[in-house]
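This report describes the fold, the cores and selected residues of one protein chain. The sequence and structure are shown first.

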Amino acid sequence: LYMDLNFQLSSINDTIYYILFLEFLTALCIFIYGRYRCKHKTFIDPFQKKIKILDLDGWSILHLVQNSVLGYLFPDYIIFIIILGVMWEVFEMYYGVFRPTFLEGWGHCSSDRKIWWYGKLTDIVSNILGVFMGSYIKTH
């Protein structure tokens, strides 16, 4: 029984590490994208194009897709994935408002035309909807 419980705990920890690793890769891609945006002043972010529903944009669709994949891959970790998504949006809100100088050039540029980092409630909704969609697809 002890060996079985130990294996289950190890398996849970491994899954959490996989989820965190995938989220880290996503964040890294966003920072690299932001860096590209800062280096190329004429670049227009296609993901900022508004969809005619609420305040949804291309980034909202990316939130939905990414979290659908996570929900599909890890249907038993929905709450953990949702918490990470909320934490990311809180980080975006902080970054958008306070613009920490040590991150300058990685999303907010010294000559920014407008705020690029912004957390939105609809992104949290997109995250939650995506996780449940992916989980539903996997389990049905």
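## An exposed loop residue

Leu54 is exposed, with a relative accessible area of 75%. Here exposed means over 50% relative accessible area, buried under 20%, and partly exposed in between, with a 1.4 Å probe and protein chains only. Leu54 sits in the loop between H1 and H2, and although this residue is not a glycine, it has a positive phi of about 50°.

A second residue with positive phi is Arg99, a residue other than glycine whose phi is near 40°. Arg99 belongs to the loop between H3 and H4 and is partly exposed, at a relative accessible area of 26%.

## Basis of the model

The model is predicted: local features need pLDDT of at least 70, side-chain atom pairs count only at pLDDT 80 or more, and totals for chains, interfaces and linings use all residues. Residues are numbered from 1 along each chain as its sequence is written, and side-chain values use heavy atoms, with hydrogens and water left out.

## Overall architecture

The protein contains 4 helices and 0 strands, which gives the pattern α-α-α-α when read along the sequence. Helices (H or I, at least four residues) and strands (E, at least two) are DSSP runs, numbered from the N terminus.

Of the 140 residues in the protein, 39% are buried. The exposed surface of the protein is about 9,100 Å², and carbon and sulfur atoms supply 73% of it; accessible areas come from the Shrake-Rupley method with a 1.4 Å probe, and for residues only the protein chains shown count as cover. Among contacts between residues at least 6 apart in sequence, 75% join residues at least 24 apart, where contact means heavy atoms within 4.5 Å.

## Nonpolar cores

The largest nonpolar core has 10 residues: Ala27, Ile30, Phe31, Tyr33, Trp59, Trp88, Tyr95, Leu103, Trp116 and Trp117. Helix H1 (2-39) and helix H3 (78-98) each supply at least two residues of this core, and H1 gives the most to it, with 4 residues. Such a core is a set of buried Ala, Val, Leu, Ile, Met, Phe, Trp, Tyr and Cys residues joined through side-chain atoms within 4.5 Å.

Trp88 is in contact with Ala27, Ile30, Phe31, His63 and Trp117, leaving aside its neighbours within four places in sequence. Apart from the largest core lies another core, of 9 residues, among them Phe74, Tyr77, Ile81 and Ile82.

Thr15 lies in helix H1 and is buried, with a relative accessible area of 13%. Residues up to four places away in sequence not counted, Thr15 touches Phe74 and Tyr77. The C-alpha atoms of Thr15 and Leu73 are separated by 9.9 Å, with these positions 58 residues apart along the chain counted as their separation.

## Packing of H2 against H4

Helix H2 (residues 58-73) and helix H4 (residues 121-139) pack at an angle of about 35°, with axes 6 Å apart. Axes are lines fitted to C-alpha atoms, for helices over the stretch in contact, and angles run from 0 to 180 degrees between N-to-C directions. H2 passes H4 in a right-handed crossing, the near helix being turned clockwise from the far one by less than a right angle.

The H2 side of the contact includes Trp59, Ser60, His63 and Asn67, and the H4 side includes Asp123, Ser126, Asn127 and Gly130. The residues of this contact divide into 7 nonpolar, 11 polar and 2 charged. In that division Ala, Val, Leu, Ile, Met, Phe, Trp, Tyr, Cys and Pro count as nonpolar, Asp, Glu, Lys and Arg as charged, and the others, Gly among them, as polar.

## Selected residues of H2 and H4

Ser60, in helix H2, is buried at 2% relative accessibility. Leaving aside its neighbours within four places in sequence, Ser60 is in contact with Asp55, Lys120, Thr122, Asp123 and Ser126. Ser60 and Asp123 are 63 residues apart along the chain, yet their C-alpha atoms are separated by 5.4 Å.

Asn127, in helix H4, is buried with a relative accessible area of 4%. Not counting residues up to four places away in sequence, Asn127 touches His63, Asn67, Gly85 and Glu89. Leu121 is also placed in helix H4, but counts as exposed at 63% relative accessibility. The C-alpha atoms of Leu121 and Val86, 35 residues apart along the chain, are separated by 9.1 Å.
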